[in-house]
Amino acid sequence: RGAGLRSVDTLVVASGVVSAPLSAGRTAEGFDLNIGVNVVGPAALTLAALPLLRAADGGGRVVFVTSTAALDTPSAAFLNDLRYSRRKHYARAAYAESKALDVLF
């Protein structure tokens, strides 16, 4: 685990798939690719790196590089339907929502 590392000082997360349509597929958890690539993967990586970040002298840091598209979400209502089971999927909106989730994480 950690490729023999004892600690990690900084983790920079800069993931991105831009405006993937729903036809591009879904993750095993049922999320569209915008959420899967931009949120689920980075969150899993960050959580897995936490022990190494905590072991860093003075504690490690996590930096999420996101997009101003995160500001394009008019409300947090999307949080109630991240799998698009009750609303229409718009690729651009899905991307903006995924970037807003990065900020919230």
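**Salt bridges, rings and a surface patch**

Me: What makes Lys99 and Asp102 a salt bridge?
Reply: Their closest N and O atoms are 3.4 Å apart. A salt bridge needs a side-chain nitrogen of Lys or Arg within 4 Å of a carboxyl oxygen of Asp or Glu. The pair meets that limit, so the name applies.

Me: How do you know which residues may be used for this?
Reply: The model is predicted, so local features need pLDDT of at least 70 and side-chain atom pairs count only at pLDDT 80 or more, while totals for chains, interfaces and linings use all residues. Residues are numbered from 1 along each chain as its sequence is written, and side-chain values use heavy atoms, with hydrogens and water left out.

Me: Where do Lys99 and Asp102 sit in helix α2 relative to each other?
Reply: They are 3 residues apart, which means about one helical turn between them.

Me: Why is Lys99 called buried?
Reply: Buried means under 20% relative accessible area, exposed means over 50%, and partly exposed is in between (1.4 Å probe, protein chains only). Lys99 has 2%, so it is buried. Asp102 is buried too, at 4%.

Me: What does Asp102 touch, leaving aside its neighbours within four places in sequence?
Reply: Asp102 is in contact (heavy atoms within 4.5 Å) with Asn38, Val39, Phe64 and Thr66.

Me: How many salt bridges does a search of the whole structure find?
Reply: The search finds 4. Side chains of opposite charge can pair when their charged atoms come close.

Me: How do you know that Asp72 and Arg92 form one?
Reply: Their N to O distance is 3.2 Å. That is inside the salt-bridge limit, so the pair counts.

Me: What does the pair of Asp72 and Arg92 tie together?
Reply: Asp72 lies in the loop between β2 (61-64) and α2 (91-104), and Arg92 in helix α2, so the pair ties parts that are 20 residues apart in sequence.

Me: Why is Asp72 called partly exposed?
Reply: Its relative accessibility is 48%, so Asp72 falls in the middle class. Arg92, at 45%, is also partly exposed.

Me: What makes Glu97 and Arg87 a salt bridge?
Reply: Their closest N and O atoms are 2.9 Å apart, so this pair also meets the limit. Glu97 lies in helix α2 and Arg87 in the loop between β2 and α2, so parts that are 10 residues apart in sequence are tied together.

Me: Which of Glu97 and Arg87 is buried, and which is partly exposed?
Reply: Glu97 has a relative accessible area of 8%, so it is buried. Arg87 has 26%, so it is partly exposed.

Me: What makes an element a helix or a strand here?
Reply: Helices (H or I, at least four residues) and strands (E, at least two) are DSSP runs, numbered from the N terminus. The protein has 2 helices and 2 strands. From the N terminus on, the order is β-α-β-α.

Me: How do you know that Tyr95 is called buried rightly, and where does Tyr95 lie?
Reply: Tyr95 lies in helix α2. Its relative accessibility is 10%, so it counts as buried. Leaving aside neighbours within four places in sequence, its contacts include Val17, Asn34 and Ala69. The C-alpha atoms of Tyr95 and Ala69 are separated by 7.5 Å, though their places lie 26 residues apart along the chain by count.

Me: Why is Arg83 said to lie over the face of Phe31?
Reply: A charge sits over a ring if NZ of Lys or CZ of Arg is within 6 Å of the ring centre and within 35 degrees of the ring normal. Arg83 is at 4.3 Å from the ring centre of Phe31, so the distance fits. Lys88 lies over the face of Tyr90 at 5.5 Å, so its distance fits as well.

Me: What makes Val12 exposed?
Reply: Its relative accessible area is 52%, so Val12 passes the mark for exposed. Val12 is found in strand β1 (residues 10-13).

Me: Which residues make the nonpolar surface patch?
Reply: Val12, Val63 and Val65 make it, with about 230 Å². Patches are made of residues with over 30% relative accessible area and no salt bridge: like charges are joined within 9 Å, nonpolar side chains (Val, Leu, Ile, Met, Phe, Trp, Tyr) within 5 Å. Accessible areas come from the Shrake-Rupley method with a 1.4 Å probe; for residues, only the protein chains shown count as cover.
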